[in-house]
Amino acid sequence: MPREYQSASSINTYRQCPRRYYYQYIKNLPLKKSIHLVRGNLVHSVLEEFFNINIDEISKENFDFELRMIALELLKKHWLLNKSDIFETVSPKEKIGFYFEETRDMIGYWVNDLLDKLDPDDLVTSFNKLKPKTEVEFISDKYKVRGYIDALFDDEGIILDYKTSNKDYITEEYKLQLAIYCLLFYEKYGRMPSKAGINFLKFGEEYITVDDELIEFAKKEVKKIHEMTKSDNVKEYPKCEGPLCKWGTGECEFYQICMKG
Ligand code: SF4
């Protein structure tokens with residue numbers, strides 16, 4: 001059944017391969033879990049919970065050590081909570097240690113960056129200023145699009161998305177995601193966000209220019225996807241065969257069904 005509301009993920013899936021969109025969003029076939037997805041979700045939970053700490057209980061003298069330890073303990077907690085998914089998705093199993101260390105390093109870089117921005121003389125105020133609203137859902141009934149913003153500073157109008165990928169630059173895919181968030185923000189608050197960017201946990205923050213052109217780009221892509229996905233006939237969703245079908249030891253979630261069809 002065609003979708004009433006689209007999202008950055010659904011639009012990006014269509015842009016990669018309309019047939020893949022068909023399997024995922026029209027047929028609603030289940031997605032295979034991957035370690036990258038599992039890890040992405042658990043890291044988001046760690047960051048979200050980190051900001052719920054009571055900063056008044058952190059000592060002024062030792063705050064950097066204490067905050068690092070809190071982040072590490074949260075990572076251990078969420079790693080354990082997700083251990084069966086991690087075990088299921090990592091192959092060979094010896095690589096689980098590698099993923100844990102890589103994730104610990106990512107969280108470590110992120111905490112270092114936060115510590116650099118904290119004012120030791122006014123820990124509470126500076127921490128609260130850096131504390132975003134997390135996982136904020138936005139829905140536009142006008143454009144029929146929705147999205148969850150990872151970190152939102154609504155007073156300042158700053159939108160931030162966390163990425164655990166190995167990329168350190170804003171791809172077209174990420175640009176479209178941010179453009180849609182900016183459109184959603186504009187719809188809700190009647191003003192442009194001041195900044196929109198990605199926090200690449202391994203590499204730091206990158207921002208894009210927020211202007212009318214970006215908002216128009218989002219509107220155009222949202223309009224286009226609604227027009228292109230009205231049908232539930234598979235023939236209307238061409239295959240886009242290429243590197244996304246199969247690579248190294250991996251393959252598209254729908255490779256087996258797709259190649260038979
Ligand atoms: S296997 Fe290739 S053509 Fe088929 S859905 Fe996946 S990406 Fe598209």
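Which residue in β2 is the bridge partner of S140? In this predicted model, the partner is V145. β1 and β2 (residues 145-153) run antiparallel to each other and are joined by seven bridges.

These strands belong to an open sheet of five strands. The order is β1-β2-β3-β4-β5, and the pairing is mixed. β1 (133-140) and β5 (204-208) form the edges, each pairing on one side only. From one strand to the next, the twist averages 40°.

The chain is divided into two domains, with domain 1 covering 35-130 and domain 2 covering 133-229. Their C-alpha centres are 24 Å apart. Domain 1 brings 11 residues to the contact, and domain 2 brings eight. On the domain 1 side, α3 (35-50) and α6 (95-117) are the elements that give two or more residues. The largest share comes from α3, with six residues. By class, this side of domain 1 holds six nonpolar, two polar and three charged residues.

The ligand is surrounded by C17, R19, R20, K239, C240, E241, L244, C245, C252, F254, Y255 and C258. At least two residues of this shell come from α2 (18-26), and at least two from α10 (255-260). Eight residues of the shell are nonpolar and four are charged. No polar residue occurs in the shell. Cysteines counted among the surrounding residues include C17, C240 and C258. Charged members include R19, R20, K239 and E241.

Definitions and conventions:
Residues are numbered from 1 along each chain as its sequence is written. This is a predicted model: local features need pLDDT of at least 70, side-chain atom pairs count only at pLDDT 80 or more; totals for chains, interfaces and linings use all residues. A residue is near a molecule or strand if its C-beta atom, placed from the backbone, lies within 6 Å of it. Helices (H or I, at least four residues) and strands (E, at least two) are DSSP runs, numbered from the N terminus. Two strands pair if DSSP finds at least two bridges between them. Axes are lines fitted to C-alpha atoms, for helices over the stretch in contact, and angles run from 0 to 180 degrees between N-to-C directions. Domain bounds come from an automatic or database domain assignment. Two residues are in contact if their C-beta atoms, placed from the backbone, lie within 7 Å.
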